[in-house]
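Me: I have a model open and would like to learn how to read its features one at a time. Could you take me through it?

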Amino acid sequence: MSALGLALRDSSTMLRRNLLHARRYPSLTLNLLLTPIMLLLLFVYIFGDTMSAGIGGGGPDRSAYIAFVVPGLLLMTIGSTTIGTAVSVSNDMTEGIIARFRTMAIHRGSVLIGHVIGSVLQAVASVVLVGAVGVAIGFRSSGAGVLEWLAAFGLLVLFATALTWIAVGMGLVSPNAEAAGNNAMPLILLPLLSSTFVPLDAMPGWFRPIAEYQPFTPAIETLRGLLLGTEIGHNGWLALAWCLGLAVLGYFWSTSKFNGDPR
């Protein structure tokens, strides 16, 4: 078998292993998934009328606020899901299984590839679930055709891949699972400091740069534009640049740390 064939075989084996772990121990994934769902229900049913009136400058319109907030929470779901990736990678590194893998005739990179692909699949499934909750409470995509839906799906997958590689690196540098979860917390905190719940124009001047110059805001604005037909502007290119930059950074960080770690 060629080197590429071996790499594909071993990576698929590691992918099945990670998916089996996720199926047998779903508590972590479910706990992380509850955060965006609870925030969605909280902001729609408790704050929805007030927030929509403040943003639109008119009367309360909960349906308009549902349309505004769902795209941001879909990307927040990805950030939340990848925390589990950091914890899983840290567990593998500290529990001795990696040392055993290194004594076996398997492709060295297949361990990380299995984690990344498995995490991206879990993130996409989580996004579908949160999106279904959004549709159930009234979210409707207006002005999105087939191309817009394909572009939105591609953005979600690319964003999940980028954050997953960053989460893998965080898991590799963490001494234990608890530290890995704490190190990955910015992946769920950054959406709270973005345009998820309010537009940039409604933020105070001192806070706006914090929300604007980070990866979540351009991705949220791009996804919002694709699903709702609003203007995307330069956010599409910024989101693509953030995704590619984070993916490349996370990949080289993770592989260099994994190859140099004696554990």
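**Reading the model**

Reply: Start with a caution: this is a predicted model. We can begin with a single residue. Glycine 181 is buried, because its relative accessible area is 13% and buried means under 20%.

Me: Where is glycine 181 found, and which residues is it in contact with beyond its neighbours in sequence?

Reply: Glycine 181 sits in helix H8, residues 177-183. Leaving aside neighbours within four places in sequence, its contacts are Ile83 and Val87. A C-alpha distance is another way to place it: glycine 181 and methionine 170 are 11 residues apart along the chain, and their C-alpha atoms are separated by 8.8 Å.

Me: How do I check a helix length, say for H12?

Reply: Compare the end-to-end distance with the span expected at 1.5 Å a residue. H12 runs over residues 235-260, so its 26 residues should span 38 Å; the end C-alpha atoms are 37 Å apart, which agrees. H11 can be checked in the same manner: it has 13 residues and reaches 18 Å from first C-alpha to last, close to the expected 18 Å.

Me: Which residues of H12 are buried, and what do they pack against?

Reply: The buried residues of H12 are Asn235, Ala239, Cys243, Leu246, Ala247, Gly250, Ser254, Thr255 and Phe258. They pack against helices H4 (62-94), H5 (97-102), H6 (110-136), H7 (146-173) and H11 (216-228).

Me: How many residues of H11 are buried, and what comes just after H11?

Reply: In H11, 13 of the 13 residues are buried, so the helix is largely enclosed by the rest of the structure. Just after H11, glycine 229 takes a positive phi of about 80°.

Me: How should I set an annotation against the model?

Reply: Take the annotated range and look at the secondary structure inside it. The unreviewed UniProt entry carries the annotation "transmembrane region" for residues 25-46, 66-90, 111-137, 149-173, 185-207 and 236-254. Over residues 236-254 the chain is 100% helix and 0% strand, with the end C-alpha atoms 27 Å apart. Over residues 185-207 the chain is 17% helix and 0% strand, and the end C-alpha atoms are 20 Å apart.

Me: Let me stay with that last stretch. Where is methionine 203, and is it buried or exposed?

Reply: Methionine 203 is in the loop between H9 and helix H10 (208-212). It is buried, with a relative accessible area of 11%. Not counting residues up to four places away in sequence, methionine 203 touches Ser194, Ser195, Val198 and Ala211.

Me: What about leucine 189: which helix holds it, and which patch does it belong to?

Reply: Leucine 189 lies in helix H9, residues 186-189, and is partly exposed at 41% relative accessible area. Together with Met185, Leu192, Leu193, Trp206 and Ile210, it forms a nonpolar patch on the surface; the accessible area of the patch is about 570 Å².

Me: Now the charged pairs. How many salt bridges are there?

Reply: The structure holds 4 salt bridges. One of them joins arginine 17 to aspartate 92, with the closest N and O atoms 2.8 Å apart. This pair links distant parts of the chain, 75 residues apart: arginine 17 is in helix H1 (residues 3-24) and aspartate 92 is in helix H4. Arginine 17 counts as buried at 17% relative accessibility, and aspartate 92 also counts as buried, at 6%.

Me: Which residues are linked in a network of salt bridges?

Reply: Asp201, Arg208 and Glu212 are. Aspartate 201 meets arginine 208 at 3.3 Å, N to O, and glutamate 212 meets arginine 208 at 3.7 Å, N to O. Why is the spacing of glutamate 212 and arginine 208 about one helical turn? They are 4 residues apart in helix H10, so about one helical turn separates them.

Me: Are the members of that network buried or exposed?

Reply: Read each residue separately. Aspartate 201 is exposed, at 67% relative accessible area. Arginine 208 counts as partly exposed at 30%, and glutamate 212 counts as partly exposed at 26%.

How values were computed. Residues numbered from 1 in each chain as written. Predicted model: local features only at pLDDT ≥ 70, side-chain atom pairs only at ≥ 80, totals over all residues. Heavy atoms only, no water. Patch = residues over 30% accessible without salt bridge, like charges linked within 9 Å, V, L, I, M, F, W, Y side chains within 5 Å. Areas by Shrake-Rupley, 256 points an atom, 1.4 Å probe, with all protein chains shown as cover. Salt bridge = Lys/Arg side-chain N within 4 Å of Asp/Glu carboxyl O. Helix = DSSP H or I, 4+ residues; strand = E, 2+ residues; numbered from the N terminus. Buried < 20%, exposed > 50% of the residue type's maximum accessible area, 1.4 Å probe, protein only. Contact = heavy atoms within 4.5 Å. Expected span 1.5 Å × (residues − 1). UniProt positions renumbered as here; feature names shortened; annotations may be inferred.
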